[in-house]
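The exercises below ask you to work from the coordinates to a reasoned description, one step at a time. Please keep the structure open beside the text while you follow each solution.

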Amino acid sequence: MAEQKRDYYEVLGVSKGASESEIKSAYRKLAKKYHPDVNPGDAEAEKKFKEASEAYAVLSDSEKKAKYDQYGHAAFDGSMGGPSMDFSNMDFSDIFGDIFGDLFGGFGFGGGRRNSNGPMKGANIRTAISITFEEAAFGCEKEIELVLKDECSNCHGSGAKPGTSKVTCTKCNGKGKVMMTQQTLFGVMQNVSTCPDCNGSGQIIKEKCPQCSGTGYVSSKKRIQVSIPAGIDNGQSVRIRDKGEPGINGGPRGDLLVEVRVKAHPIFQRRDYDIFSNAPISFAQATLGGEVMIDTLDGKVVYEVKAGTQTDTRIRLKGKGVPSLRNKGTRGDHYVTLIVQTPTSLSSEAKELLRQFDQKTGNTLKPGGTQVKQEKKKGFMNKIKDAVDDL
């Protein structure tokens, strides 16, 4: 009795609504895990690899996938009247050409990857810079110092001693790649890798330039101006064109990416383009209302507190936030939480006035608290006199 096949979607671990890229990504993971070259002699891994490859061969083909969604495995076993598909001897070269070249660094059928000795853009360089909260909000100009490579003026970037020239690499015949052929379960597989003799350039320097030691470049410290735009946030980067590594074979330079690290502010906190902070107000200001000074990015501003303001009341200062990166004329808002401050040190007179205030506004202190303290101050004879007067 033939072994029952698992559902193809189950094999790849994707849903029926999975996109083409999701199906491809799922197969890549399984293929990399169970490929026979990674698991030599493992029959179970080989079985799972074949199963995943069969599922991908169907689900990656829109026509086959439509048939499978409608009829299941019966769409390919001949029971529906159509031709059967024998997956046991299936040629997976198309799949390998699309998938495995990325997985295993150049495996492929029939030819492998070709090397390009044409102009290539240089690599990008990354660095970081630290700025203040205010500098991030309003923008600033900074200067950084970096060690950058430039084309050697002696050999003009060739790396060869003046008067000499490079010669074609005999190992790769100038292709920059070497190919190794390997017989596998699925046929002949070719592993294409960078030539170890010329490092992929296809040429070898016989006599190196004494100034750059054959690299074609010289390094030197340089100062670069960085314009930090208003509104930039922590972790974002500024790109400076053509300040990266030199290009290859006459290609353009890469870019310099400067990551911005914004220092924490002692008062302000940022959320997108809005700012949040706390502002203390006195009990008298909260009760009676009045003007208070509030710190903002633009300096101190006067705000009229309403009478009866409660602690943790949040107010909005419109347009006092951070400028937008996309529209310099637009700014976020500044939200301020008003915190009523409780005095910690009062004079005796101030305490007495506060007790009198409490008696007139609800008498929330301990009942008789003031009277008890006054009784303690009376002498013995005064207490007898008070008792007689009560008779």
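A residue is called buried when its relative accessible area is under 20%, exposed when that area is over 50%, and partly exposed in between. The model used here is predicted.

**Exercise 1.** Determine which residue meets R316 in a salt bridge, and classify the accessibility of R316.

*Solution.* Begin with the side chains: those of R316 and D333 meet in a salt bridge, with 2.9 Å from N to O. Next, place the two partners, for R316 belongs to strand β15 (residues 313-317), whereas D333 sits in the loop between β15 and β16 (334-340), 17 residues apart. Finally, apply the cut-offs: R316 counts as partly exposed because its relative accessibility is 47%, while D333, at 10%, counts as buried.

**Exercise 2.** Establish where E145 and R223 lie in the chain, and how their side chains meet.

*Solution.* The side chains of E145 and R223 form a salt bridge at 3.6 Å, N to O. This pair links distant parts of the chain, since E145 is in strand β3 and R223 in strand β8 (residues 217-228), 78 residues apart. With a relative accessibility of 43%, E145 is partly exposed, whereas R223 reaches 57% and therefore counts as exposed.

**Exercise 3.** Describe the salt bridge between R270 and D233, and then set it within the structure as a whole.

*Solution.* The closest N and O atoms of R270 and D233 are 3.8 Å apart. R270 is part of strand β11 (residues 269-271), and D233 lies in the loop between β8 and β9 (237-240), so that the pair, 37 residues apart, links distant parts of the chain. Both count as partly exposed, R270 at 22% relative accessibility and D233 at 28%. Taken over the structure, there are 22 salt bridges, and a network of them links K121, R239, R241 and D255.

**Exercise 4.** Is G159 buried or exposed, and which residues does G159 touch?

*Solution.* First locate G159, which is found in the loop between β3 (140-151) and β4 (167-168). Its relative accessibility is 0%, and G159 therefore counts as buried. Leaving aside residues up to four places away in sequence, G159 touches I205, E207, K208, C209, C212, G214 and G216. The C-alpha atom of G159 is also separated by 8.8 Å from that of P210, a residue 51 places away along the chain.

**Exercise 5.** Identify what caps the N-terminal end of helix α4, and what follows the helix.

*Solution.* At the N-terminal end of α4 (residues 62-71), D61 acts as the cap, with a side-chain oxygen 2.9 Å from the backbone nitrogen of E63. After α4 comes G72, whose phi is positive, near 70 degrees.

Conventions: Residues are numbered from 1 along each chain as its sequence is written. This is a predicted model: local features need pLDDT of at least 70, side-chain atom pairs count only at pLDDT 80 or more; totals for chains, interfaces and linings use all residues. Side-chain values use heavy atoms; hydrogens and water are left out. Helices (H or I, at least four residues) and strands (E, at least two) are DSSP runs, numbered from the N terminus. Buried means under 20% relative accessible area, exposed over 50%, partly exposed in between (1.4 Å probe, protein chains only). Contact means heavy atoms within 4.5 Å. A polar contact is a pair of N or O atoms within 3.5 Å; within protein, one must be able to donate a hydrogen and the other to accept it, and residues adjacent in sequence count only if both atoms are side-chain atoms. A salt bridge is a side-chain nitrogen of Lys or Arg within 4 Å of a carboxyl oxygen of Asp or Glu.
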